[in-house]
Structure formats: structure tokens, C-alpha cells
Amino acid sequence: MDLSLECPICGADMETMLHIFRECCWVKTVWNSLRFDSVANDPSSNLFDWLNSVFSSLVDESFALFVLAAYSIWSNRNSIVFEAVCTRPSIAAAGVNYWLANLRMLDQLCAVEAIAGRVHNDHWMAPEDEFIKINFDASFIFGSSTNRFGFVARDNQGRVLEAATGIISHVEDALHAEVCAALAAVDMANRLRG
Ligand SMILES: [Zn+2]
């Protein structure tokens, strides 16, 4: 078993948490691409001080972008370790921006609770009268440019009103793919309503 303590991305230093999230050349390029130079150049000497410093300086949109970027960085690190697949920093940064834009669109299009699926049931349950129910799902394979989504809309009798599938491009992970599928479903619902 390989127990190397070297950074799996650059191989130039020890894999500490601070290195993975701030010091690594790959990560610095991601932060710089996201215009987070202050995050990359923060002088804090340990992870907790760095996070405290970052959290106290970021608000709203920039804070959300930081969290998504940190998640993406960790996902990329794991993809290298477990799948030997590395994304280019510019692609990772673009994916983070795209992901945040999708989340903001989703916020604007409908109330989150309406699509969050509060009840998980083994059986499809019909909606109430005059409502339609839309079930959606997405596939995600890391590194694939042909991830797909699908949805189906049914009335309270279970009759299919609309169904479609499509291709999703430039997604970061499974959650991002699900968000894209949800957006497509909401867009279709708007067309049905019109
Ligand atoms: Zn490194």
C-alpha cells in the first residue's frame, strides 16, 4: 500500500491540510482564477487561523463561492488519489462559478422547498388536485462531458404530461448535476404553466 505523504497533486511538498487548500500550486491557480488572491496569499500559519481569517473577510456571494471552491478542491484531490484523474485549474474554477450561478438561478426560479423533496417514499405519490408533480434525476461520471438528466411530469391521476432527457455539460459533481436537472425541470414547468 502506498503511504506516501507527498501532495498527490504537485508532489513537491508534504500533504498537509493547509497545503491542499492553500499552498499547492494547483490550488493557488484555482484561487487566483476565482480572484481570491487574498485567500491564496493569507499569511496564517495553520488551517484554523486561515479559515478564521477567510470567514471574517468574506460575505454572501464571496463566502458561497469560497465554500464551493473548497469543496471542488477537495473533490479534485480525491479524484487524483482514487481515480488518477486531475482537472485543469481553469476548468475547476469555471465549474465553481457555473455551479454558483446555477444555484442562484435555482433560488430565483422557485422556492427551494418545492423541489427539495421533503418526503422520501418508496412509491410514487400523486400530487393534490390541480397540481402536477415533476420527478427529475441526473447522472454524473467524473471527467465525462456527456452527463445526462431526465424528468417526467404527471398529474394527480398519474398521467404523463411531459417528459424529456438531455445532456449536461461542465458540471463539478453529482450535486451540481442534480441542480442542473432541477433547473431543466423548473423551466419545463414554466412552459407547461404558460
Ligand atoms: Zn501540492
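Start with the whole chain coloured by secondary structure: from the N terminus on, its elements run α-α-α-α-α-α-α-β-β-β-α. That comes to eight helices and three strands. Keep in mind as you look around that this is a predicted model.

**Stop one: the whole chain.** Show the C-alpha atoms alone and turn the view along the principal axes; these atoms fill a box of roughly 60 × 40 × 25 Å. Of the 194 residues in the protein chain, 26% count as buried. Now consider how the chain meets itself: take the contacts between residues at least 6 apart in sequence, and 55% of them join residues at least 24 apart.

**Stop two: a pair of helices.** Next, select residues 25-33, which form helix α2, and residues 89-109, which form helix α6. At what angle do α2 and α6 pack? The angle is about 45°, and the axes of the two helices are 8 Å apart. Angles that are neither under 35 degrees, over 145 nor within 65 to 115 count as oblique, and therefore α2 and α6 are oblique to each other. Their crossing is right-handed.

**Stop three: the contact itself.** Show side chains for this pair. On the α2 side, pick Trp26, Thr29, Val30 and Ser33. On the α6 side, pick Pro89, Ser90, Ala92 and Ala93. Together these residues make the contact between the two helices. How do the residues of this contact divide into nonpolar, polar and charged? Five are nonpolar and three are polar, with no charged residue in the contact of α2 with α6.

Notes:
Residues numbered from 1 in each chain as written. Predicted model: local features only at pLDDT ≥ 70, side-chain atom pairs only at ≥ 80, totals over all residues. Axes fitted to C-alpha atoms, helices over the stretch in contact; angles between N-to-C directions. Helix = DSSP H or I, 4+ residues; strand = E, 2+ residues; numbered from the N terminus. Left-handed = near helix turned anticlockwise from the far one by under 90°. Contact = placed C-beta atoms within 7 Å. Nonpolar A, V, L, I, M, F, W, Y, C, P; charged D, E, K, R; others polar. Buried ≥ 20, exposed ≤ 12 C-beta atoms within 10 Å, placed from the backbone.
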